[in-house]
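User: I would like a close look at a single part of this model, followed by its surroundings. Please keep to the surface and the pockets.

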Amino acid sequence: MSWTESLIQLDYTIFKFIQSTGVSNFMDHFMLGMREAKLWIPFYAFMLYWIWKNAKSKMLVFILLTVASFGLADFSSASLFKPFFARERPCYEDDLEGVVRSLVGCGGKYGFPSSHASNHFALATFWYWAIYMIKGQRWYWLFLWAFLIGYAQIYVGKHYPIDILGGGLLGIFIGTAMAKLFEYWDNRKRRMANPDTVPLP
């Protein structure tokens with residue numbers, strides 16, 4: 001057995017374990033709720049309030065790069081990588097019939113990488129670094145938030161664990177790139193405001 005076949009087999013094993021362990025009516029509702037974007041509106045409103053309260057002059061760029069993080073993650077995962085890798089979701093796998101607890105519709109045929117994971121890890125990564133640059137605070141819990149949303153995708157039967165891992169890594173890459181843009185913009189703004197003390201490159 002090759003290492004890729006071993007990896008896929010491990011992926012199936014972990015998926016089956018999650019689908020059969022810790023399952024309950026409460027967890028069903030909790031995980032379904034984790035996937036609902038409308039339930040996170042108060043959280044997004046809090047992020048807007050936080051940036052307005054702590055860095056009003058940077059609010060517009062923060063919002064633009066937040067949207068860019070989400071948009072690039074969603075487009076690249078759904079329109080570029082899923083058709084390229086063409087890995088079918090668990091609910092399309094004949095060998096998993098009777099195993100998958102499909103709590104939501106199957107959706108599109110391909111699942112790697114997970115768009116939910118890429119989108120939310122991109123947001124978590126960008127926000128983490130932006131907040132650190134603004135206030136020096138490390139909001140590690142943002143990654144727990146993204147992880148729980150990704151885990152919920154496995155729990156409801158939409159994705160394999162590797163789909164979440166791939167989406168998470170893609171999101172971290174995109175979020176980091178957007179954070180670097182934010183840092184560049186912020187540094188350039190500071191230099192232009194103080195040309196005598198910090199010369200422009």
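Which residues form a nonpolar patch on the surface, and with about how much accessible area together?

Analyst: This is a predicted model, in which local features need pLDDT of at least 70 and side-chain atom pairs count only at pLDDT 80 or more, while totals for chains, interfaces and linings use all residues. Residues are numbered from 1 along each chain as its sequence is written, and side-chain values use heavy atoms, with hydrogens and water left out.

The nonpolar patch on the surface is formed by Phe 46, Tyr 49, Trp 52, Trp 141, Leu 144 and Phe 147, which together have about 630 Å² of accessible area. Two or more residues of the patch come from each of helix H3 (41-54) and helix H6 (141-155). Patches are made of residues with over 30% relative accessible area and no salt bridge, with like charges joined within 9 Å and nonpolar side chains (Val, Leu, Ile, Met, Phe, Trp, Tyr) within 5 Å. A salt bridge is a side-chain nitrogen of Lys or Arg within 4 Å of a carboxyl oxygen of Asp or Glu. Accessible areas come from the Shrake-Rupley method with a 1.4 Å probe, and for residues only the protein chains shown count as cover. Helices are DSSP runs (H or I, at least four residues), numbered from the N terminus.

Within the patch, Trp 141 belongs to helix H6. Its relative accessible area is 39%, so Trp 141 is partly exposed (buried is under 20%, exposed over 50%, partly exposed in between, with a 1.4 Å probe and protein chains only).

Phe 147 belongs to the patch and also lines the second largest pocket. Other lining residues there include Phe 121, Tyr 151, Pro 161 and Ile 172. H6 and helix H7 (161-193) each supply at least two residues of this lining, and H7 gives the most, with six residues. About 150 Å³ of space lies in this second largest pocket. A pocket is an open set of points, on a 1 Å grid over the protein atoms alone, where a 1.4 Å probe fits, with protein on both sides within 12 Å along at least five of seven lines; lining residues have an atom within 4 Å of a point. Grid points are joined across faces, edges and corners, and a volume is the space filled by probe spheres set on the points.

The largest pocket holds about 190 Å³ of space. Its lining takes two or more residues from each of H3, helix H4 (59-85) and helix H5 (115-135), and H4 gives the most, with five residues.
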